[in-house]
Amino acid sequence: MENYVITIARGYGSGGRTIGKMLSEELNIPYYDRELLRLASDESGINEELFGKADENLKKSLLYKIARKEYKGELIPPDREDFVSNDNLFTYQAKVIKDLAAEGPCVIIGRCADYVLKDQPNVVRLYIHAPLKDCIERVRGILHGNDKELEKQILAIDKRRAAYYKYYTGHEWTDAGNYDLCLNTGHMDYETCVKITKSFLEIIPERV
């Protein structure tokens, strides 16, 4: 399989971002994470800072508990009052993700990319996870606090990610049915995850 796009959803502290960077280097293909915010800003003309704020505001919003806004792909025009709404900002990110996937092979981290590209051929969807104890060890020094406090922070971040995913996709973030490969970094190191993914790319047929 040569023309592939790899999307990575990951639990906090699982090492998904590191694995994504390693795959990018091994396969010599572009890697996109927060760069998506800048690209969406360039595409829309909306200040990049608003994209970052939209993520945080939505993650804290009670909308998660009372509503769902599944991604449909319709962009709101600039003359509308809700042009810079959280939902339109997400849709611009999704447009950028689709454009990047159309350009060629790449690795895309988060942003519901697996769902945004669900109808696209040659997309390999990864979900990286790990036992909580392993995640705690990995974030020690990044987050502050004792083990109980670190556990609380990790669970809160993953809860927000799950809610974000549910809001825009209508699906459960941790459902294995959303993905082609689910890799547990508590049972294997990052290098093994990369090798498994590369082997998977070699044996699956191109979905055209």
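## Helix packing, sheet order and cores in a predicted model

Helix H7 (residues 132-139) packs against H8 with axes 10 Å apart and an angle of about 105°.

User: Happy to look at this predicted model with you. Is H7 roughly parallel or roughly perpendicular to H8?

Analyst: The angle between H7 and H8 is about 105°. Angles of 65 to 115 degrees count as such a crossing, so H7 is, relative to H8, roughly perpendicular.

User: Thanks! How many residues of the contact of H7 with H8 are charged?

Analyst: From H7 come Leu132, Cys135, Ile136 and Val139, and they meet Asp147, Leu150, Glu151, Ile154 and Leu155 of H8. Seven residues of this contact are nonpolar and none is polar. The number of charged residues is two.

User: Let's turn to the overall layout. How many helices and how many strands are there in the protein?

Analyst: Reading from the N terminus, the elements follow the order β-α-β-α-α-α-α-β-α-β-α-α-β-α. The totals for the secondary structure are nine helices and five strands.

User: Which strands are at the edges of the sheet?

Analyst: The sheet is open, its five strands pair in parallel, and their order is S2-S3-S1-S4-S5. An edge strand pairs on one side only, and that holds for S2 and strand S5 (181-184). The edge strands are therefore S2 and S5.

User: Which residue in S5 stands opposite Tyr127?

Analyst: S4 and S5 run parallel and are joined by four bridges. Across from Tyr127, the residue in S5 is Cys182.

User: And in S3, which residue is the bridge partner of Tyr31?

Analyst: S3 has bridges to S1 as well as to S2: four join S1 to S3, and two join S2 to S3. In the bridges of S1 with S3, Ile8 has Ile109 as its partner. For Tyr31, the partner in S3 is Val107.

User: Which residues of S3 point the other way from Cys106 and Ile108?

Analyst: Cys106 and Ile108 point one way from S3, and they are buried. The residues that point the other way are buried too, and they are Val107 and Ile109.

User: What about Ile29, is this residue buried or exposed?

Analyst: Ile29 lies in the loop between helix H1 (16-27) and strand S2 (31-32). Beyond its neighbours within four places in sequence, Ile29 contacts Tyr4, Ser24, Pro105, Cys106 and Val107. Its relative accessible area is 8%, and because the cut-off is under 20%, Ile29 counts as buried.

User: How far apart in space are Ile29 and Val107, C-alpha to C-alpha?

Analyst: In sequence, 78 residues separate Ile29 from Val107. Val107 is nevertheless among the contacts of Ile29. Their C-alpha distance is 7.2 Å.

User: Now the interior. Which element gives the most to the largest nonpolar core?

Analyst: This core has 25 residues, and Val5, Leu36, Phe90, Ile97, Ile108 and Leu117 touch the most other members. Two or more residues come from each of strand S1 (5-10), helix H5 (86-103), strand S3 (106-109), helix H6 (113-116), strand S4 (123-129) and helix H8 (147-169). With six residues, the element that gives the most is H5.

User: How many residues are in the other core, the one with Ile19 and Tyr190?

Analyst: In soluble globular proteins, nonpolar side chains tend to be buried together. Apart from the largest core lies another one, which includes Ile19, Tyr190, Cys193 and Ile204. Its number of residues is 22.

User: Lastly, what percentage of the residues in the protein is buried?

Analyst: The protein has 208 residues. The buried ones make up 49%.

Methods. Residues are numbered from 1 along each chain as its sequence is written. This is a predicted model: local features need pLDDT of at least 70, side-chain atom pairs count only at pLDDT 80 or more; totals for chains, interfaces and linings use all residues. Side-chain values use heavy atoms; hydrogens and water are left out. Buried means under 20% relative accessible area, exposed over 50%, partly exposed in between (1.4 Å probe, protein chains only). Contact means heavy atoms within 4.5 Å. A nonpolar core is a set of buried Ala, Val, Leu, Ile, Met, Phe, Trp, Tyr and Cys residues joined through side-chain atoms within 4.5 Å. Axes are lines fitted to C-alpha atoms, for helices over the stretch in contact, and angles run from 0 to 180 degrees between N-to-C directions. Angles under 35 degrees count as roughly parallel, over 145 as roughly antiparallel, 65 to 115 as roughly perpendicular and the rest as oblique. Ala, Val, Leu, Ile, Met, Phe, Trp, Tyr, Cys and Pro count as nonpolar, Asp, Glu, Lys and Arg as charged, and the others, Gly among them, as polar.
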